[in-house]
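This report goes through a single protein chain, moving from its overall build to particular residues. The sequence and the structure come next, and the discussion follows them.

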Amino acid sequence: MGQIALEGMEFFAFHGYYDEEQKIGNKYGVDLYIKTDLLAAGESDKLQQTVNYEILYRLVAEEMRAPARLLEHVAHRVLDRITAELPHVCKVKVSVSKFNPPLGGICHRARVTLTKRREKQQ
């Protein structure tokens, strides 16, 4: 088992509970961690035996483009998408941050983190 991480991904997106947030948009950050078997790729040096970082980034970017009211919903979509499209991934952890959320005071970012483990197949 091993971990692949994509940290500090940044997107401009149109998420937010308030209609105005969905119109003007905001900057968001995403950190993604997946657990999968990396031994074969480590031995062979072949991309097809690991999870391609570009595919992970593309899946996150596509979900970030679809507006949502809640960060929790965006994070959940990312988890579902990765587990659906990458069957060798055993566990996914994603954090989605909104920079400068409209809270009426100073807050650099609001962040949610969700984790999903693939259910064992029988």
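## An aromatic pair

The coordinates discussed here belong to a predicted model. In it Phe 14 counts as partly exposed, because its relative accessible area of 33% falls between the limits of 20% for buried and 50% for exposed. Phe 12 has a relative accessible area of 54% and is therefore exposed.

These two residues form an aromatic pair of the edge-to-face kind, with 5.6 Å from centre to centre and 80° between the ring planes. The structure holds three aromatic pairs, and the one formed by Phe 12 and Phe 14 is among them.

## Overall build

The protein chain contains four helices and four strands, which follow one another along the sequence in the pattern β-α-β-α-α-α-β-β. Its C-alpha trace spans about 50 × 30 × 20 Å along the principal axes, and 40% of its 122 residues are buried.

Of the contacts in the chain with a separation of 6 or more, 60% are between residues 24 or more positions apart.

## The nonpolar core

The largest nonpolar core is made up of 28 residues, and within it Leu 32, Leu 56 and Ile 82 have the most contacts. Two or more residues of this core come from each of β1 (2-13), β2 (26-36), α3 (53-65), α4 (71-85) and β3 (91-99), with α4 giving the most, namely six residues.

Around Leu 56, and setting aside residues up to four places away in sequence, the residues touched are Ile 4, Leu 6, Leu 32, Ile 34, Val 51, Ile 82 and Leu 86. Leu 32 and Ile 82, the other two residues named for having the most contacts inside the core, are thus both found in the list of residues that Leu 56 touches.

## Helices α3 and α4

For the 15 residues of α4, a rise of 1.5 Å a residue gives an expected span of 21 Å, and the end C-alpha atoms are indeed 21 Å apart, so the two values agree. The buried residues of α4 are Leu 71, Val 74, Ala 75, Arg 77, Val 78, Leu 79, Arg 81, Ile 82 and Thr 83, a list that includes two arginines and a threonine alongside nonpolar residues. What covers these buried residues includes β2, α3, β3 and β4 (109-117).

Helix α3 has 13 residues and reaches 18 Å from its first C-alpha to its last, close to the 18 Å expected at 1.5 Å a residue. Its buried residues are Leu 56, Leu 59, Val 60, Ala 61, Glu 63 and Met 64, and their cover includes β1, β2 and α4. At the start of α3, a side-chain oxygen of Asn 52 comes to within 2.7 Å of the backbone nitrogen of Glu 54.

Glu 63 lies in α3 and counts as buried because its relative accessibility is 12%, under the 20% limit. Beyond residues up to four places away in sequence, Glu 63 touches His 15, Arg 77, Val 78 and Arg 81.

## Tyr 28 in strand β2

Tyr 28 has its place in strand β2 and is buried, with a relative accessible area of 0%. Its C-alpha atom is separated by 5.2 Å from that of Phe 11, although the two residues are 17 residues apart along the chain.

Leaving aside neighbours within four places in sequence, Tyr 28 is in contact with a list of residues that includes Met 9, Phe 11, His 15, Met 64, Leu 71 and Phe 99. The side chain of Tyr 28 also reaches the backbone oxygen of His 15, at 2.6 Å.

## Loops and cysteines

Most residues other than glycine have a negative phi. Asp 45, in the loop between α2 (39-44) and α3, has a positive phi near 65°, and Asn 100, in the loop between β3 and β4, has a positive phi near 50°. Both are exposed, Asp 45 with a relative accessible area of 73% and Asn 100 with one of 56%.

How many disulfides are there? The count comes to zero. Cys 90 is partly exposed at 33% relative accessibility, and Cys 107 is likewise partly exposed, at 23%.

Terms used: Residues are numbered from 1 along each chain as its sequence is written. This is a predicted model: local features need pLDDT of at least 70, side-chain atom pairs count only at pLDDT 80 or more; totals for chains, interfaces and linings use all residues. Side-chain values use heavy atoms; hydrogens and water are left out. A disulfide is a pair of cysteine sulfur atoms within 2.5 Å. Buried means under 20% relative accessible area, exposed over 50%, partly exposed in between (1.4 Å probe, protein chains only). A nonpolar core is a set of buried Ala, Val, Leu, Ile, Met, Phe, Trp, Tyr and Cys residues joined through side-chain atoms within 4.5 Å. Contact means heavy atoms within 4.5 Å. The expected span of a helix is 1.5 Å times one less than its number of residues. A polar contact is a pair of N or O atoms within 3.5 Å; within protein, one must be able to donate a hydrogen and the other to accept it, and residues adjacent in sequence count only if both atoms are side-chain atoms. Rings of Phe, Tyr and Trp (its six-membered ring) pair if their centres lie within 6.5 Å; planes under 30 degrees apart count as stacked, over 60 as edge-to-face and the rest as tilted.
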